[in-house]
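Subject: Structure for you to look at

Hello,

Please find below the structure I said I would pass on. My notes on what was found in it follow.

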Amino acid sequence: MTGQVGKVYAEAVFALCLEQDILEPVYKELNACAAVFREEPALAQLLGVPTIPLEEKLALVKRLFSGNDTVVSLISMLTERRRIPYVQEVTDAFNSLYREHKGIARMTVTTCVPLRDGQRQQLIAALQKKYGKQVELTERIDPAILGGVVVQYGDTLLDNSVKSRLEAVRRQLKQ
């Protein structure tokens, strides 16, 4: 059920954003709010305390998040319905809908050493050509792959690492 809570709220807010043409400001403000909750986990705990009157909680939400009305309404609704612990989950689901709508593919690339700027740009260009989407790249370093790259995109794994090629050769030699 945990994943469903975030998805339900995210889909409702996303549909509202498209209807009112406010997708970009809500995207930015919602991520800023989620960052506050990540950096200050005590805030979610405070908003969940049953002995604090709801009016005080809502006043605090309005003071802290005075930006976008849609985001303030969402945080207020999550507070009222005791769903405030799901702020990050709602944000993640919203971001997923946003990336899908914008044609952005989120990929993770693993290399044994950090990519240089030119290599990064070449890799992004190749991935954008292959998938026909704008690429949002997250980089990881893992010396165990020895060389090459491993790209993770959703359920797809493109493993062009030296380690996997050596393992393939080893398997062939055992046959």
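A good place to start is the hairpin formed by E3 and E4, which has 2 residues between its strands. In the turn, Gly154 has a positive phi of about 60 degrees. Please keep in mind throughout that this is a predicted model.

The sheet

The hairpin belongs to an open sheet of 4 strands, in the order E2-E1-E3-E4, with mixed pairing. Strand E2 (134-141) and strand E4 (156-161) are at the edges with a single partner strand each, so one side of each has no neighbour in the sheet. On average, and with direction ignored, neighbouring strands are turned by 20 degrees against each other.

Within the hairpin, strand E3 (residues 148-153) pairs with E4 in the antiparallel sense, over 6 bridges. One place to see this pairing is Val151, which stands opposite Leu158 in E4. E1 and E3 also run antiparallel, and 4 bridges join them. Here Thr110 stands opposite Val150 in E3. As general background, the strands of a sheet pair through backbone hydrogen bonds, either parallel or antiparallel.

Which residues does Ser161, in strand E4, touch? Setting aside residues up to four places away in sequence, Ser161 touches Ile145, Gly147, Gly148, Val149 and Val150. Ser161 is buried, because its relative accessible area is 2% and the cut-off for buried is under 20%.

Helices on the sheet

Two helices to look at here are H7 and H8, taken in turn. Strand E3 and E4, paired over 6 bridges, are both touched by helix H7 (residues 117-131), which packs on the sheet and also touches strand E1 (104-111) and E2. The direction of H7 makes about 130 degrees with that of E2. Helix H8 (residues 162-174) packs on the sheet as well, touching E3 and E4. The direction of H8 makes about 80 degrees with that of E4.

Arg120 has its place in helix H7. Is Arg120 buried or exposed? Its relative accessible area is 19%, and under 20% counts as buried, so Arg120 is buried. Leaving aside neighbours within four places in sequence, Arg120 is in contact with Leu115, Leu137 and Glu139. Arg120 and Tyr86 lie 34 residues apart in sequence, and their C-alpha atoms are 34 Å apart in space.

Helix against helix

The remaining notes concern three helix pairs.

H2 with H6. The axes of helix H2 (residues 23-39) and helix H6 (residues 87-102) come within 10 Å and cross at roughly 150 degrees. Angles over 145 degrees count as roughly antiparallel, so H2 and H6 are roughly antiparallel to each other. The crossing of H2 past H6 is left-handed. On the H2 side the contact includes Leu23, Val26, Tyr27, Leu30 and Phe37, and on the H6 side it includes Val87, Thr91, Phe94 and Tyr98. By class, the residues of this contact are 9 nonpolar, 5 polar and 3 charged.

H2 with H5. H2 also packs against helix H5 (residues 69-80), at an angle of about 40 degrees and with the axes 9 Å apart. H2 is therefore oblique to H5. This crossing is right-handed. Val26, Glu29, Leu30, Cys33 and Phe37 in H2 meet Thr70, Val71, Leu74 and Ile75 in H5. The contact of H2 with H5 divides into 7 nonpolar, 1 polar and 1 charged residues. Val26, Leu30 and Phe37 are listed in the contact with H6 and in the contact with H5.

H4 with H5. Helix H4 (residues 54-64) packs on H5 at about 155 degrees, and their axes are 10 Å apart. H4 is therefore roughly antiparallel to H5. The crossing of H4 and H5 is right-handed. From H4 the contact is made by Leu54, Lys57, Leu58, Val61 and Lys62, and from H5 by Val72, Ile75, Ser76, Thr79 and Glu80. By class, the contact of H4 with H5 has 5 nonpolar, 2 polar and 3 charged residues. Ile75 of H5 is listed in the contact with H2 and in the contact with H4.

Regards

Notes
Residues numbered from 1 in each chain as written. Predicted model: local features only at pLDDT ≥ 70, side-chain atom pairs only at ≥ 80, totals over all residues. Heavy atoms only, no water. Axes fitted to C-alpha atoms, helices over the stretch in contact; angles between N-to-C directions. Parallel < 35°, antiparallel > 145°, perpendicular 65-115°, else oblique. Left-handed = near helix turned anticlockwise from the far one by under 90°. Contact = heavy atoms within 4.5 Å. Nonpolar A, V, L, I, M, F, W, Y, C, P; charged D, E, K, R; others polar. Pairing = 2+ DSSP bridges. Buried < 20%, exposed > 50% of the residue type's maximum accessible area, 1.4 Å probe, protein only.
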